Amino acid sequence: MAELISVIVATYNREDALDAALRGLSRQADRDFEVVVADDGSGPPTAQVIATWAARGGFPFAHARHEDRGFRLAEIRNRAIAKSRGELCIFLDGDCIPRPDFVAAHRRLAEPGWFVAGNRVLLGQALTARILNEGLAPELWGRGEWLQHRLRGEVSRVAPLAALPLGPLRRLGPTAWRSARGTNLAIRRADLDRVDGFDATFNGWGREDSDIMVRLIRAGIRRKDGRYATAVLHLWHSEADRARLPDNERRLDEVINGDRVRAVRGLSTVAS
C-alpha cells in the first residue's frame, strides 16, 4: 500500500478560491491522500465549502481552525499538521489550483532526507475572475489553451507547466532556500517533527516559510527542486498587508545567523 500523503490547504475567507483548489484535488490521479484545511479564522461561508467537499467523500477530510486574530499562517499550519495522518505533508495555499498529476508528482519526488519546493504560474486578475465566476477548470486545460492565455498576457508564464524529467538536476541546489516558497512545499512528517514545524512567533505576512526551510537545511534536510513537475495555478489576489514584514525579516535574520533548529513556538505547542 502506498504511503498516505496529507495535503494541507491554507485558507482565509476566500471560499471561491478554496472551492476551486479542492476541486483540483478531487481530480487527482493519485488517490492515496487526505486533505486537511488549515483555516486561519475564516467565517461561515468557508465552513460551508469545507462541509460540502467533506460530504462528497472523495478523500479523507479534516478541518483545523482557530479564531481570527490576524494573519497566523504558521500556527494554523501547525494545527493542521497535528490533525494529519500522512507520512508526507504537502503544503498548498488555498488560492492555488493543483493539476491532476500534482499529488503523483510529489510522491515521485519524495525521498528521505529531502524536502521538495515546487513552483506556480500566476494568473491575472481578469482571468481569475472568469475562472471563479464561470466555474472554469484551468487544471484541465491543455498546452494550446495556456499559450493563448500567455499571448493575451493573462498568465505570468507557461514554461513551468511542462513536465521535464530533470533527474539529478533536481538536487543541484540543496541549500537554496531563498528561491523557494511555502505555496507548494512538501516535507516529510518525521522532518517536521525534527524541527518542530513552523514557528508561530512569525505573525503577519511573510518569512515563516523561509524560516522553516533554513531550519530544515540546518538539520541536514536538503532541498529538491520540484519545478517542471509540480506547478500549481495561483489565482490572482490583492497584496497582503505587509505591516509586520520588517519584524518577521528581523526574526528570520536571527535564525539565519544563529544555530537553532527547532521552532521557538512550534508544532509541539498545539493540540490536534
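This section describes the sheets, helix packing and selected buried residues of a predicted model.

The main sheet under consideration is open and holds seven strands, arranged in the order β3-β2-β1-β4-β8-β6-β9. Pairing within this sheet is mixed. Its edges are formed by β3 (61-65) and β9 (222-225), each of which pairs on one side only. From one strand to the next, the twist averages 25°.

Strand β1 (residues 5-11) has pairing partners in both β2 and β4. With β2 (33-39), β1 runs parallel, and seven bridges join the two strands. Within this pair, A10 stands opposite A38 of β2. With strand β4 (residues 88-93), β1 also pairs in the parallel sense, here over six bridges. I5 has L88 as its bridge partner in β4. The strand β1 is mostly covered, seven of its seven residues being buried. The side chains of β1 fall into two sets: I5, V7, V9 and T11 point one way, whereas S6, I8 and A10 point the other way. Both sets are buried.

A second open sheet consists of three strands in the order β5-β10-β7, again with mixed pairing. Strands β5 (96-97) and β7 (120-122) stand at its edges; each has a single partner strand, so one side of each is left without a neighbour in the sheet. Strand β7 runs parallel to strand β10 (residues 232-234), and three bridges join them. In this pairing R120 stands opposite V232 of β10.

Helix packing was examined next. Two packed helices are described by the angle between their axes and the distance between the axes. For helix α1 (residues 15-26) and helix α2 (residues 44-56), the axes come within 9 Å and cross at roughly 15°. Angles under 35 degrees count as roughly parallel, and α1 and α2 are therefore roughly parallel to each other. Their crossing is right-handed. On the α1 side the contact is made by E15, L18, D19, L22, R23 and S26, and on the α2 side by P45, T46, V49, I50 and W53. By class, this contact of α1 with α2 has six nonpolar, two polar and three charged residues. An α-helix has 3.6 residues a turn, so residues three or four places apart point the same way. Helix α2 is also placed against the seven-stranded sheet: α2 lies across β1, β2 and β3, and runs at about 160° to β3.

A second helix pair is formed by helix α8 (residues 208-218) and helix α9 (residues 245-256), which pack at an angle of about 5° with their axes 10 Å apart. The helices α8 and α9 are therefore roughly parallel to each other. In this contact S210, D211, V214, R215 and R218 of α8 meet L252, V255 and I256 of α9. These residues divide into four nonpolar, one polar and three charged.

Burial was also considered for helix α4 and for two single residues. Helix α4 (residues 102-109) is mostly covered, with six of its eight residues buried. The buried residues in α4 are F102, V103, A104, A105, H106 and L109.

Residue L73 is located in helix α3 (residues 73-83). Its relative accessible area is 13%. Buried means under 20% relative accessible area, and L73 is therefore buried. Leaving aside neighbours within four places in sequence, L73 is in contact with A10, D40 and E208. Of these contacts, A10 is one of the buried residues of β1. L73 and T11 are 62 residues apart along the chain, and their C-alpha atoms are separated by 8.8 Å.

Residue T128 is found in helix α5 (residues 125-134). The relative accessibility of T128 is 2%, so this residue too counts as buried. When neighbours within four places in sequence are left aside, T128 is in contact with R14, L123, L235 and W236.

Methods:
Residues numbered from 1 in each chain as written. Predicted model: local features only at pLDDT ≥ 70, side-chain atom pairs only at ≥ 80, totals over all residues. Heavy atoms only, no water. Axes fitted to C-alpha atoms, helices over the stretch in contact; angles between N-to-C directions. Helix = DSSP H or I, 4+ residues; strand = E, 2+ residues; numbered from the N terminus. Parallel < 35°, antiparallel > 145°, perpendicular 65-115°, else oblique. Left-handed = near helix turned anticlockwise from the far one by under 90°. Contact = heavy atoms within 4.5 Å. Nonpolar A, V, L, I, M, F, W, Y, C, P; charged D, E, K, R; others polar. Pairing = 2+ DSSP bridges. Buried < 20%, exposed > 50% of the residue type's maximum accessible area, 1.4 Å probe, protein only.
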